[in-house]
Amino acid sequence: MSEIENDKDSLMHYGMPKRSGRYPWGSGKEPYQHSGDFLSRIEELKRDKNLSFIDENGKKWTGETAIAKTMGLSSSEYRIQKALAKGERRAADISEVKRLQDKGCNNSEIARKMGINESSVRSLLDEDSKARMLQSQKTADFLKNQVEKKGMIDVGAGVERELNISRRKLDDALYILERDGYEVHGGRVPQVTNPGKNTTIKVLCPPGTEHKEIYNFDKINYVTDHISHDGGTTFEKGFVYPKSMDSKRLQIRYAEDGGILKDGVIELRRGVPDLSLGESHYSQVRILVDDKKYLKGMAIYSDDMPDGVDVVFNTNKKKGTPKENVLKDISSDPDNPFGSLIKEHGGQSYYYDKNGKKQLSLINKRADEGDWSDWQDKLPSQFLAKQNLDLIKKQLNLAIADKQTEFDEICSLTNPTVKKRLLQSFSDDCDSSAVHLKAAALPRQKHQVILPIKTMKDTEVYAPNYRDGEKVALIRYPHGGLFEIPILTVNNKHPDARNILGTDVKDVVGINSKVAERLSGADFDGDTVMVIPTNHKTKISSAPPLKGLEGFDPKGEYPYSEGMKLMKNPKTGTDNTQQEMGKISNLITDMTIKGASQDELARAVRHSMVVIDAGKHKLDYKRSELENGIKALKRTYQGHYDENGRYHEGASTLISRAKSEVSVAKRQGSPIIDKNTGEVSYKTADDLYYVDKKTGKTKMRTQQSTKMAEVKDARQLSTGHPKEEAYATYANKMKALANEARKEMVTTKEIPYQPSSSLTYKKEVSSLKAKLNVSLMNAPRERHAQAIANAAINAKIKYNPDMTKKEIKKAKQQELTKARNLVGASRNAIDITDKEWEAIQSGAVSKTTLAKILDYTDIDVIRERTTPKDKPVVTPAKANRIAAMRASGYTIAQIADALGISRSTVSNHL
């Protein structure tokens, strides 16, 4: 037996391709590093029938893998080098055949002279065979030419499809180029709109390019000419710099003239072409004025316009304020003058002027009629935790029933790959639900945008999506407390409201300014409320407005003064609004749960009103903190001692502590799932400890998590209050379901790949792969878009270092949208036919291919396909859900619609 494990020193001198060992390509001393000798060495090793190789981990390898490892090559490097050596040997043989042909030898004579059979000679002379042999080299030549023209080019996943070659052929070409001195570097591009997530890239670079250079994303180019660089039609769907309106067409309606009653509303003259809202009754818009200012607010038509103007802007500013000071300054960013993302589709529009010329409209829509109703309709804990315990339990129990039903349905699926995919998503969602503590929605709960109706009573609301005469509660976020919840009667017969807003609107309610003021000072520039019908089954708790808030004006009480601490640092651009708002919101939540007095709540809410506007209007939030006694409130309602006897102030109830950040040792790799419990653990990072260059001390690297995510039992975060205990029960159930899902996931067996089925369903398999190929061709475009967007964002931040986190987030979304439009990145969904699904179920498609197909399909359609046809209409979990929905006030019809079953079935199970 020929054991190779002690032969490592001599093996180091084999000819290595670049990156395959200690020495670069061509430095080896063994004679078989060249093509013929390389193949001869392989043949020599193959003659040893007992050849094996034991690696440094003690693992034994045999066959060609042992040969590859003996030569110091990875399996892929060995395969490519062997193929290239064969190609070089074949090229030499073809040259020899041609030489003998030129001497007048026929095929039989050539075969005899070369020691091969005559069929081999014919094969060497076959043009198709020669073409196949040259493909890798031709691909390498093409890529080399692209590098010479463009510099670094993307050669990652999906590029081979655009070139219409196999991935192996592309890898062979890259190997040839590496051997010739070109560099292939890999890296990870941050995903613009998903912090912490990355897109893997692979880049072919000119010789001598350092790895760090690939992170100049704007220098990475692409091998196909699918991008238009001429600024033509590709950009027409994206953002066009706005057209400006002359300020002579604008009138400001100040507070004293009634502007305060409609603060934020932009009234438009009806029938003016360049100010048309299209088919919409209302839109949230931006209008550029005099090329340097802009209007921001909710636009509606008005039939009561002053002569000589086409636009009236309502403001709470007082008379005497110059017009230019009422309007907002545009940003210096030519791609984002409003600091806000304009709708990708329908945000801008064109019209034809009286001369028949196409013109850009003055209207730039941030959001349009129908956009607000799409918002998430769950119940956040900042609202529900302040409600009565009965309502809290009902909605949390319904959320649990929903999740249990979903889990049972996933477990019943017949395709294991689909099942595992959905179980992974389900477990992640349960873990998230435990942290965020969002309960199930109430019946007919919807987000709606608010608009002013001056003549509407303080006790009424115009709400066309709700029944005339019923009562509804309005909740605005961030939500301070019960005193901010008006309960109003729907009046859909109000003539002014019907005239101004229309009767067939999708997602708007009309209220007067006094009601808006109660909603923590809402204005009408796009603020929204959650509307919840309230009745004997759905009892929403409310309280009278706090007297301590009457007449309170944050801007008037805490204006800027020289030397005060600013919420937004003008030098660094750091904005502490979100952090400070989180602190005061947690304090208000803890105070409400622990029964704070009305006066104490008013102090905290006044401070929150200062904090929310401190960055925007330079308010003195530190003086507000002092004068409203916030430190004393924290001591009373948040002061506590930990298990080590240390005193702390901060989030003190489970509701506020759940999302509180906590530092944990830096982790790496995917979560490790315990097969017996479903619980996850993590491997700590290899570079966990480091030496601080400044202090010389050894420190541990950490990353942020949440307190709820890190505890096994949610009750560890609770003080024992009944409301906290209700949420603890919910969180623990979510954690338990997540663990159950992971246990099910790791024990679910895949459908084995069946070669015979692949032949039976050859047509369907071919069709599925063709569809997948089309979808995967988007991958290079998406990488290109991510790289372009990253380069643009880096330039923007460098150009404008004062950008806030919110502004950067908006800019990222806008740049990614623009980049996707530029390169033509789009998702091509795969529609699976009945016959193709039959092929999948029979094992005709490998699990790897199926996993890729599922990435591009409608998973709900797939779930429907893999649900057993003989499944009971109402499972035990679904029966529990029916009962929970009924307890929360849902009608039989609503329950039937939600569960996709008949009304009689629902009735039978109640």
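This section describes confidence, core packing, one helix pair and two backbone outliers in a predicted model.

The chain has an average pLDDT of 82. A pLDDT of at least 70 is reached by 87% of the residues. Two stretches score poorly. Residues 1-35 stay under 50. In the model, this segment makes 77 contacts beyond four places in sequence. Residues 225-237 also fall below 50. Here the model has 16 contacts beyond near neighbours in sequence. Where pLDDT is low, predicted coordinates should not be read in detail.

The largest nonpolar core comprises 75 residues. Within this core, Phe 383, Leu 654, Met 708 and Tyr 727 have the most contacts. Helix α23, spanning residues 722-747, is the top contributor, with 10 residues. The surroundings of Met 708 illustrate the packing. Setting aside residues up to four places away in sequence, Met 708 touches Ala 434, Val 435 and Leu 437. Met 708 also touches Leu 654 and Ala 658. Further partners of Met 708 are Ala 714, Leu 717, Ala 731 and Lys 735. Leu 654 thus appears both as a partner of Met 708 and among the residues with the most contacts inside the core. Another core, of 32 residues, lies apart from the largest one. Its members include Ile 300, Ile 450, Leu 451 and Met 456.

Helices α17 and α18 form a packed pair. Helix α17 covers residues 577-593, and helix α18 covers residues 598-617. Their axes are 9 Å apart and meet at an angle of about 165 degrees. Because angles over 145 degrees count as roughly antiparallel, α17 is roughly antiparallel to α18. The crossing is left-handed. On the α17 side, the interface consists of Thr 577, Glu 580, Met 581, Ile 584, Ile 588, Met 591 and Thr 592. These residues meet α18 at Glu 600, Leu 601, Ala 604, Val 605, His 607, Ser 608, Val 611, Ile 612 and Gly 615.

Most residues other than glycine have a negative phi. Asp 290 has a positive phi of about 55 degrees, although it is not a glycine. Asp 290 sits in the loop between β8 (282-289) and β9 (293-302). Its relative accessible area is 32%, so Asp 290 is partly exposed. Arg 444, likewise not a glycine, has a positive phi of about 60 degrees. The loop between α13 (416-436) and β15 (446-452) holds Arg 444. Arg 444 counts as partly exposed because its relative accessibility is 26%.

Definitions and conventions: Residues are numbered from 1 along each chain as its sequence is written. This is a predicted model: local features need pLDDT of at least 70, side-chain atom pairs count only at pLDDT 80 or more; totals for chains, interfaces and linings use all residues. Side-chain values use heavy atoms; hydrogens and water are left out. pLDDT is the predictor's confidence in each residue, from 0 to 100. Contact means heavy atoms within 4.5 Å. A nonpolar core is a set of buried Ala, Val, Leu, Ile, Met, Phe, Trp, Tyr and Cys residues joined through side-chain atoms within 4.5 Å. Buried means under 20% relative accessible area, exposed over 50%, partly exposed in between (1.4 Å probe, protein chains only). Helices (H or I, at least four residues) and strands (E, at least two) are DSSP runs, numbered from the N terminus. Axes are lines fitted to C-alpha atoms, for helices over the stretch in contact, and angles run from 0 to 180 degrees between N-to-C directions. Angles under 35 degrees count as roughly parallel, over 145 as roughly antiparallel, 65 to 115 as roughly perpendicular and the rest as oblique. A crossing is left-handed if the near helix is turned anticlockwise from the far one by less than a right angle, and right-handed if clockwise.
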